[in-house]
Structures are given as C-alpha cells and as structure tokens.
Amino acid sequence: MKLELCNFSGIKIPAGHGKRYVRTDGRVFNFICGKSESLFLQKKNPRKIAWTVLYRRKHKKGTAEEISKKRSRKTKKFQRDIQGASIDQILLKRNQKPEVRKAARDQAVRAAKEKAKDKAKDKKKSSSAAAKATAPKAKAAKNVKSAAPRVGGKR
C-alpha cells in the first residue's frame, strides 16, 4: 500500500482517499481534500497557511518532542604565543606599569630617530663626494646644418 503526499499541505494520503488533479501541461498533483485543492488553485502559499506541514516546518512547530535542544559549548579563552614573543614575555609586558612601558617606548623612538639621522648624514656625505669625483664635462658642440624652413601648410 503506497502513501501519496498532498502537494499543498504535505499530509500523507492513504489509498482510496484524496483527489488527483492533472494540469494541461501533464503535471499531476495529489490533494488530501477539496480545501487544499482550492487553496492550491488560488495560488496560495502553503508556508503562510497555519495548518500545513510546510508552515509547521518553517515556524519550528512540534519538533520539541523529536529532538532535544543541542547544547552549545562555551568557548574557552586560550592564550598562545605570537610570532617573535613567547607567552612569558607577553605576560611580563602586560604586567608592567604604564610609566615603565612609556619610558621604554620613548627610548626606542629616540634610538630610531638617531639611527635615521646618522643614515641621512652618511647619505649626504657619500652623495657630495660622488658629485665632486665625477664633475660634469663640457660637451663638444656639433656642427649640424639646420634644415630649411618648410613652405606650405599641411599636406
């Protein structure tokens, strides 16, 4: 004994019950009752009609008995080292007083500025020495006849 499903409501249709509707394009639809057939022919959306299976699935009705709610696991905080610094170093820096950290940062900035100044001085010295060593030579003038002026306009 084969059970059919109602194409509108999704309810199982036992043998000997329901209606079969064949559209002009040859597609066959099964309905449990005239009510679902009428709603289908009115092009109603079964997801918006409260007693249909599709509505109940969409609004999660009647699933509490079948499946108990899944418990979500709480995320645990986990610390791991960052590239170039181990956890111990990170914790040491975190536990430092803000004044100490600020002083260390200022010192690092000062050192970086000094390095940049030295680099700029070296660059200046090397560029001035190179300029002195290779003095521009005077080019010999070429005797080139200038072409006669063109007469006439565009061709």
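**Figure 1. Arg23 and Asp25 form a salt bridge.** In this predicted model, the closest N and O atoms of Arg23 and Asp25 are 3.5 Å apart. Arg23 is partly exposed, at 32% relative accessibility. Asp25 is exposed, with a relative accessible area of 56%. A search of the whole structure finds three salt bridges. The other views of charged pairs follow in Figures 3 and 4.

**Figure 2. Strands β3 and β4 form a hairpin.** Strand β3 covers residues 19-22. Strand β4 covers residues 28-31. The two strands run antiparallel, and four bridges join them. Five residues lie between β3 and β4. One residue in the turn, Gly26, has a positive phi of about 100 degrees. Across the hairpin, Lys19 stands opposite Phe31 in β4. In a regular strand, side chains alternate between the two faces of the sheet.

**Figure 3. A salt bridge links Lys19 and Glu37.** The side chains meet at 3.2 Å, N to O. Lys19 lies in strand β3 and Glu37 in helix α1, so the pair ties together parts that are 18 residues apart in sequence. How buried or exposed is each partner? Lys19 is partly exposed, with a relative accessible area of 47%. Glu37 counts as buried, because its relative accessibility is 15% and the cut-off for buried is under 20%. Lys19 is also the residue that stands opposite Phe31 in β4.

**Figure 4. Arg20 forms a salt bridge with Glu4.** Their closest N and O atoms are 3.9 Å apart. The pair links distant parts of the chain, 16 residues apart. Arg20 sits in strand β3, and Glu4 in strand β1 (residues 4-5). Arg20 counts as exposed, at 56% relative accessibility. Glu4 is partly exposed, with a relative accessible area of 26%. Side chains of opposite charge can pair when their charged atoms come close.

**Figure 5. Tyr21, Phe29, Phe31 and Phe40 form one aromatic cluster.** A search of the whole structure finds six aromatic pairs. One of them joins Phe29 and Phe31, and this pair is stacked. The ring centres of Phe29 and Phe31 are 6.5 Å apart, with 15 degrees between the planes. Both Phe29 and Phe31 are buried.

**Figure 6. Phe29 and Phe40 form a tilted aromatic pair.** The rings lie 4.7 Å centre to centre, with 45 degrees between the planes. Which elements does the pair link? Phe29 belongs to strand β4, and Phe40 to helix α1 (residues 34-41). The two residues are eleven residues apart, and the pair links distant parts of the chain. Phe29 is buried, with a relative accessible area of 4%. Phe40 has a relative accessible area of 21% and is partly exposed.

**Figure 7. The whole protein has four helices and four strands.** From the N terminus on, the elements run β-β-β-β-α-α-α-α. Of the 155 residues, 8% count as buried. Among them are Phe29 and Phe31. The accessible surface comes to about 15,400 Å². Carbon and sulfur atoms account for 54% of that surface. Among contacts between residues at least 6 apart in sequence, 26% join residues at least 24 apart.

Note on methods
Residues are numbered from 1 along each chain as its sequence is written. This is a predicted model: local features need pLDDT of at least 70, side-chain atom pairs count only at pLDDT 80 or more; totals for chains, interfaces and linings use all residues. Side-chain values use heavy atoms; hydrogens and water are left out. Rings of Phe, Tyr and Trp (its six-membered ring) pair if their centres lie within 6.5 Å; planes under 30 degrees apart count as stacked, over 60 as edge-to-face and the rest as tilted. Buried means under 20% relative accessible area, exposed over 50%, partly exposed in between (1.4 Å probe, protein chains only). Two strands pair if DSSP finds at least two bridges between them. Contact means heavy atoms within 4.5 Å. Accessible areas come from the Shrake-Rupley method with a 1.4 Å probe; for residues, only the protein chains shown count as cover.
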